[in-house]
Amino acid sequence: MTAKIRVGAVQAEPVWLDLDGSVDKTISLIEDAAADGVQVLGFPEVWIPGYPWSMWTSSVIDNTHIIHDYMANSLRRDSDQMKRILAAVKKAGMFVVLGYSERDGASLYMAQSFISPAGEIVHHRRKIKPTHVERTVWGEGQAESLKCVVPSKFGNIGGLNCWEHLQPLLRYYEYSQGVQIHVASWPAAFEMPDPAKIKWLYHETGEASNRASQFMAIEGQCFVLVASQILTEKNLEKNNLSGNPVTKTPGGGFSMIFGPDGKPLCEPIDAGAEAIVTADVNLRDIDYPKAFIDVVGHYSRPDLLSLLVNPTQDLPVTKMTK
């Protein structure tokens with residue numbers, strides 16, 4: 001296992017509702033990161049084909065036409081498009097956590113595929129509970145998605161989607177799996193809108209999402225790669241977002257890299273800018289905060305508090321045996 005690693009997190013605008021265009025841009029970002037020496041790269045939540053923000057700002061009926069296109073442009077795990085991405089990862093020799101809207105049959109899921117430097121999906125998980133109106137678009141992950149961490153030559157790499165970072169039991173279960181580098185995949189999230197135009201909650205902002213990611217670094221003593229999307233004015237109409245007071249453009253990005261004590265390890269970039277933020281990290285640095293706090297080790301009290309996990313995957317159809 002390599003102790004010193006260059007890590008990167010994407011902040012970029014998706015190629016909205018365009019599967020092949022999304023794959024092209026994904027490969028381009030992988031190539032750019034590889035040219036910069038990145039060895040572990042994280043992508044935002046449902047990067048392919050972008051996060052359909054209009055589900056928060058207008059009704060389900062008003063978004064029907066978008067969701068129809070969204071299904072058609074979501075990525076199948078065994079598709080030719082995915083094979084192109086796997087080949088690019090193999091050529092780059094890096095580890096990638098890819099966030100995308102996965103199509104499986106006639107259903108969609110908020111997926112993360114963990115892709116090894118050999119260009120293989122070594123783990124695949126789905127957001128276990130899409131948030132609020134997200135449940136009008138995506139289904140839920142099952143027990144296989146409780147596994148959040150895989151070993152690699154660059155350390156133990158984990159990942160969660162968006163508000164999974166607000167699920168304390170899921171975070172705790174990830175810590176128990178020995179995460180060292182965590183990919184926090186997020187959509188675009190914007191600053192607080194004008195309260196005279198709309199009542200909005202702070203926890204829906206990019207600032208709050210950034211802080212939730214930073215807290216995970218502190219609580220779990222792991223490096224956290226925060227990957228986020230942006231939105232530009234030219235794509236408001238395509239996303240059925242024209243005229244709403246929430247999605248201020250250009251904006252939505254808050255990508256960052258945090259150390260295992262919560263310290264920012266790179267300079268923040270503008271909320272509307274595209275970039276891959278990077279940092280050179282040493283996995284041995286995890287030992288410093290671990291000596292103070294290890295919530296699944298010396299700083300736990302399993303005799304008083306412990307987590308119960310159901311690892312059995314339930315299926316829609318189970319064939320009985322006589």
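**Helices H5 and H6 in a predicted model**

The secondary structure of this protein, seen here in a predicted model, comprises 7 helices and 11 strands.

Colleague: How compact is the protein for its 322 residues?

Modeller: The C-alpha trace spans about 60 × 50 × 45 Å along its principal axes. For 322 residues the globule rule gives 20 Å, and the radius of gyration is close to that, so the protein is as compact as a globular protein of that length. The radius of gyration is 19 Å.

Colleague: What is the orientation of H5 to H6?

Modeller: Helix H5 covers residues 168-176 and helix H6 covers residues 206-220; their axes come within 11 Å and cross at roughly 45°. An angle over 115 and up to 145 degrees, or from 35 up to 65, is neither roughly parallel, roughly antiparallel nor roughly perpendicular. The angle of H5 to H6 therefore makes the pair oblique.

Colleague: Is the crossing of H5 and H6 left-handed or right-handed?

Modeller: On the H5 side, the contact is made by Arg 171, Glu 174 and Tyr 175, and on the H6 side by Phe 215, Met 216, Glu 219 and Gly 220. These residues divide into 3 nonpolar, 1 polar and 3 charged. The crossing of the two helices is right-handed.

Colleague: With which side chain does the side chain of Glu 219 make a polar contact?

Modeller: Glu 219 lies in helix H6. Leaving aside neighbours within four places in sequence, Glu 219 is in contact with Arg 171, Tyr 175 and Val 295. The polar contact, at 2.6 Å, joins the side chain of Glu 219 to that of Tyr 175.

Key: Residues numbered from 1 in each chain as written. Predicted model: local features only at pLDDT ≥ 70, side-chain atom pairs only at ≥ 80, totals over all residues. Heavy atoms only, no water. Axes fitted to C-alpha atoms, helices over the stretch in contact; angles between N-to-C directions. Helix = DSSP H or I, 4+ residues; strand = E, 2+ residues; numbered from the N terminus. Left-handed = near helix turned anticlockwise from the far one by under 90°. Contact = heavy atoms within 4.5 Å. Nonpolar A, V, L, I, M, F, W, Y, C, P; charged D, E, K, R; others polar. Polar contact = N/O pair within 3.5 Å; in protein donor to acceptor, adjacent residues only side chain to side chain. Rg over C-alpha atoms; globule rule 2.2 N^0.38 Å.
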